[in-house]
Amino acid sequence: MLDGREGPAVQKAMDLLVRYGEALDAERLVDTHNVCGAMTFGGTRADLMQRGGFHAVFSELNLDSPEVVEIPPARVYTCQLEHGLSLETAHITGGSPEAMQAQRQAEIFFGARGVHMLATCTPYLAGNVPLLGEHCAWMESSAVVYCNAVLGARTNTEGTESTGAASLTGKIPYWGYHIPACRRATHLVEVEIEVDSVMDWGLLGYYVGEMVQEAVPAIKGLKSRPDPIKLKHLGAAAASSGGVEMYHIPGVTPEAPSLEATLGGNQPLAIWRYGRAERRIAYENLNSSAVSREVDFIMLGCPHCTLEQVWRVAQLLERKRLHGNTQLWLFVARALKEVADRSGYTRTIEAAGAHVLTVPQGAKVVATDSAKQAHYLPAMLGMQTWFGSTEDCIAAATTGRWSGGLE
Amino acid sequence: MSTIVLRGRKVVGGCAEGEALVTKDTISGWGGIDPATGVIIERRHELRGQSFKDKILVFPGAKGSSGWSAFFHAARLAGAAPKGMLFNKLTTKVALGAVVTHAPAMTAFDRDPLEVIGTGDWVKIDADHGVVEVTKKE
């Protein structure tokens, strides 16, 4: 591939992977048949579009090639993660006509090259579920940690360029979480309290990330078994407060038959306890930006909701109306939105005045059930953010006031 | 003028020299920098408001979103990238980010560059030979 016999785009892709592999000091590349990346964001760059349309955009932004090469179809299964704009609901979410047109054109261009337009941060909820031990090349921190820890597939946190190159070559550096020894737990978290609700799992994840940073923790002492929603929130929170890309829960996650096995016979480098005080610290950190209890915006579905979450929200909103000063947006993968529509959930949610749908203009005080959102919103958009349970959020939507708290 | 020599491993080859900008805080790409100017924008970051444009950026490593490389890539396209990067903790984010920044970069030093190098010191990188020469600011 590097010699150019498979065309200039594949040659540029391989050139990037070799430079990237050398930067990591990786011993070799490994085959991958599952890529999740970001192809559709560059259409608003007038400089690149004028140089050669989406061929120039992909050459520069996804292959790190200033030279414009003609982009062939993807060689392996490749999915587009979240989009920048929600085209179907632009009347609600906004977006300039130019940016929407650029995204529409990007979908057509990359769709024609075999990039599946999943448009979600949760590819694993929309049909992309790799197998135990499968080598992947994924972006999106919350998806990476789910892929490694929950599915037992193997990926590092890849970027725009490495996923672009992987899609055209089916290769990625064999480094980090592709190597079995790097997947073992190095640190231990001992849970001493009941962790049950989705909010509890988000709080635990937020605390664990803050403690272990990029290390691989084993979490023991959990009395109730989680479901995929709880692990989605645990991982997203730990990847936000720290950089957790892999964790183990003995008896629950697939590479953790026992604590001893996940540690690989080693002693943990550090041990933390998670009790009432630690839970309280996580909760207070997540709510530290919020002052006003007058909530005007409620955001659910970060990472995107499962169908079960959409159904729960529909149940909570049945025969209710949002408060006049609030908006409620619920985010879901477009493939699942179809099912939510046909199941009547969307109708129930919209009848209450909420939307199933991407950040509004004019919101000041936000409520969310996502620790990840509560971590990023105050810093990135300057919004006061309340974190709590889904029920707390729905109550805020219907009353306009935040009344959540820890018992 | 005192000169200190560090040895480390090449991440991206080449030679560069310039003024050091040093931080003990890890850096976010997406949500952490303004790619148009190279200014650090993260709240509570010790370099908030300062630009790494044309500096030798000395930092512990990368954190945050998988958009890290895309943001440093965008800074390079805007002419706002650092001239060189020296860091301690190797991750896929910082490795790919350094590669697409097209500036000499090194890691795995014999001494901690965060301890040895101060902001304003003059730093010469020869990444191909794994050598960094630091001339302390007067």
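This short talk walks through the two chains, their contact, and the domains of chain A.

Good morning. First, what we are looking at. This is a predicted model. Its scores are ipTM 0.97 and pTM 0.95. For chain B, the mean pLDDT is 96. In that chain, 99% of residues reach 70 or more.

Now the contact between the chains. How many residues does each chain give? Chain B gives 22 residues, and chain A gives 23 residues.

Stay on the chain B side. Which elements of chain B give two or more residues to the side that touches chain A? There is one strand, S2, at 9-12. Then come two helices of chain B: H1 at 68-77 and H2 at 92-101. H2(B) provides the largest share of this side, with seven residues.

What about residue class? On the side of chain B that touches chain A, ten residues are nonpolar. Seven are polar, and five are charged.

Next, chain A on its own. Chain A splits into three pieces: domain 1 at 8-180, domain 2 at 184-286 and domain 3 at 297-399. Take domain 1 and domain 2 of chain A. Their centres, taken over C-alpha atoms, are 29 Å apart. Domain 1 of chain A puts twelve residues into the contact with domain 2, and domain 2 of chain A puts in 14 residues.

Look at the domain 1 side of that contact. Seven residues of domain 1 of chain A there are nonpolar, and five are polar. Charged residues? This side of domain 1 of chain A has none.

That's the tour. Thank you.

Key: Residues are numbered from 1 along each chain as its sequence is written. Chains are lettered from A and ligands numbered from 1 in the order in which they are written. This is a predicted model: local features need pLDDT of at least 70, side-chain atom pairs count only at pLDDT 80 or more; totals for chains, interfaces and linings use all residues. Two residues are in contact if their C-beta atoms, placed from the backbone, lie within 7 Å. Helices (H or I, at least four residues) and strands (E, at least two) are DSSP runs, numbered from the N terminus. Ala, Val, Leu, Ile, Met, Phe, Trp, Tyr, Cys and Pro count as nonpolar, Asp, Glu, Lys and Arg as charged, and the others, Gly among them, as polar. Domain bounds come from an automatic or database domain assignment. pLDDT is the predictor's confidence in each residue, from 0 to 100.
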